[in-house]
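The following report addresses burial, core packing and one pocket of the structure shown below.

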Amino acid sequence: MKLASLKHGRDGQLVIVNKNLTKMCSAQVAAPTLQYALDNWDQVIGKLQDLYQQLESGEIEGERYDPTRFASPLPRAFQWADGSAYVNHVELVRKARGAEMPESFWTDPLMYQGGSDTFLGPTDDILMPQDEGFGIDFEAEVAVITNDVPMGVSADDALNYVRLVMIMNDVSLRGLIPGELAKGFGFFQSKPSSAFSPVCVTPDELGDAWQGGKLHLPLVTHFNGNKFGEPNAGIDMTFHFGQLIAHAAKTRPLSTGTIIGSGTVSNKLNGEAGKSIDEGGAGYSCIAEVRMIETIRTGQAKTPFMKFGDYVSIEMFDNNHQSIFGQISQTVKQY
């Protein structure tokens with residue numbers, strides 16, 4: 001089943017989207033918003049599935065799918081926590097600045113709690129007061145939405161609490177990160193509003209691609225119209241989503257509607273740092289990773305971060321090259 005939220009008020013208006021992302025229909029007879037559906041999942045899931053089947057079969061005509069009308073599936077959420085499951089990415093960050101990576105990073109995932117009150121829609125502009133100095137970057141990731149997760153849940157049991165899956169652009173301001181981290185209190189200004197895919201899907205919609213808490217498909221990013229990366233989200237993922245959820249719930253329960261991110265999808269190549277698509281690699285999911293590799297190779301980063309007018313798109317396709325979540329498509333503009 002595929003769900004989306006039309007821009008409407010603070011929490012959107014829930015709609016059903018068909019498998020091929022060509023039609024959508026209102027879900028108001030079952031649930032007014034996605035958060036309501038999640039809060040009342042057992043009571044509304046049957047009605048939502050019926051609507052999905054009726055839209056898919058043509059029994060409901062629906063209307064044209066239009067992602068420009070969509071907010072994030074959850075326009076705001078009670079909890080947003082982003083992990084860093086692809087340790088290759090973390091290793092490159094530290095190597096580029098000559099720092100050793102602690103062994104614990106391979107067994108204990110990194111995670112930060114982000115702002116969840118102002119998510120961007122999938123085609124909303126990335127608005128910034130300036131483009132110089134902030135180091136505007138995109139980060140292509142996979143994310144899940146959970147129902148209520150008990151404190152102390154095991155990593156294996158945690159996968160039972162995944163309700164929905166989506167992809168995202170975790171916008172990062174690289175120029176602000178070092179100063180914030182140096183304060184010892186973590187990200188805040190350097191992590192502005194994130195954007196999520198037009199559509200979120202139930203795990204069964206992913207078939208065999210969803211295994212072991214990982215989504216085994218390439219995540220495709222284009223930057224200014226050129227293919228930038230297509231790393232497989234199921235490869236080199238050190239911590240699966242069950243482990244990330246269990247980490248977040250170690251000392252607290254998680255509320256229904258919690259979003260957990262994977263961190264930047266990153267693949268190695270023959271055991272070494274990844275390469276660009278032009279060099280025969282899977283490319284990258286953020287500009288920072290390119291700059292890290294340039295620094296490691298030559299001692300200096302040369303690829304610039306995003307400027308006003310630059311645009312990025314992020315999308316994932318199934319084995320029949322059908323878009324699963326729809327396309328995130330954003331342009332950086334001056335606020």
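## Helix α6, cores and a pocket

In helix α6, the residues F241, G242, L244, I245, A246 and A248 are buried (under 20% relative accessible area with a 1.4 Å probe, protein chains only). Because six of the eight residues of α6 (residues 241–248) are buried, the helix is largely enclosed by the rest of the structure. The model is predicted, with local features requiring pLDDT of at least 70 and side-chain atom pairs pLDDT 80 or more, whereas totals for chains, interfaces and linings use all residues. Numbering runs from 1 along each chain as its sequence is written, and side-chain values use heavy atoms, without hydrogens or water.

The largest nonpolar core (buried Ala, Val, Leu, Ile, Met, Phe, Trp, Tyr and Cys joined through side-chain atoms within 4.5 Å) has 70 residues, of which V17, V165, L215, M316 and F325 touch the most other members. Apart from it lies another core of 31 residues, including I16, L34, L48 and W80.

T221, in strand β16 (residues 219–223), counts as buried because its relative accessibility is 0%. The table gives contacts (heavy atoms within 4.5 Å), leaving aside neighbours within four places in sequence.

| Residue | Contacts include |
|---|---|
| M316 | V142, I167, L215, L217 and F325 |
| T221 | F138, A140, F228, Y284 and I314 |

The second largest pocket has a volume of about 430 Å³. Of its 17 lining residues, F228, S276, Y284, V290 and E294 lie nearest its centre. The elements giving two or more residues to this lining are β17 (226–229) and α7 (287–298); α7 supplies the largest share, five residues.

Key:
Buried means under 20% relative accessible area, exposed over 50%, partly exposed in between (1.4 Å probe, protein chains only). Helices (H or I, at least four residues) and strands (E, at least two) are DSSP runs, numbered from the N terminus. On a 1 Å grid over the protein atoms alone, a cavity is a set of points where a 1.4 Å probe fits but cannot get out, and a pocket is an open set with protein on both sides within 12 Å along at least five of seven lines; lining residues have an atom within 4 Å of a point. Grid points are joined across faces, edges and corners, and a volume is the space filled by probe spheres set on the points.
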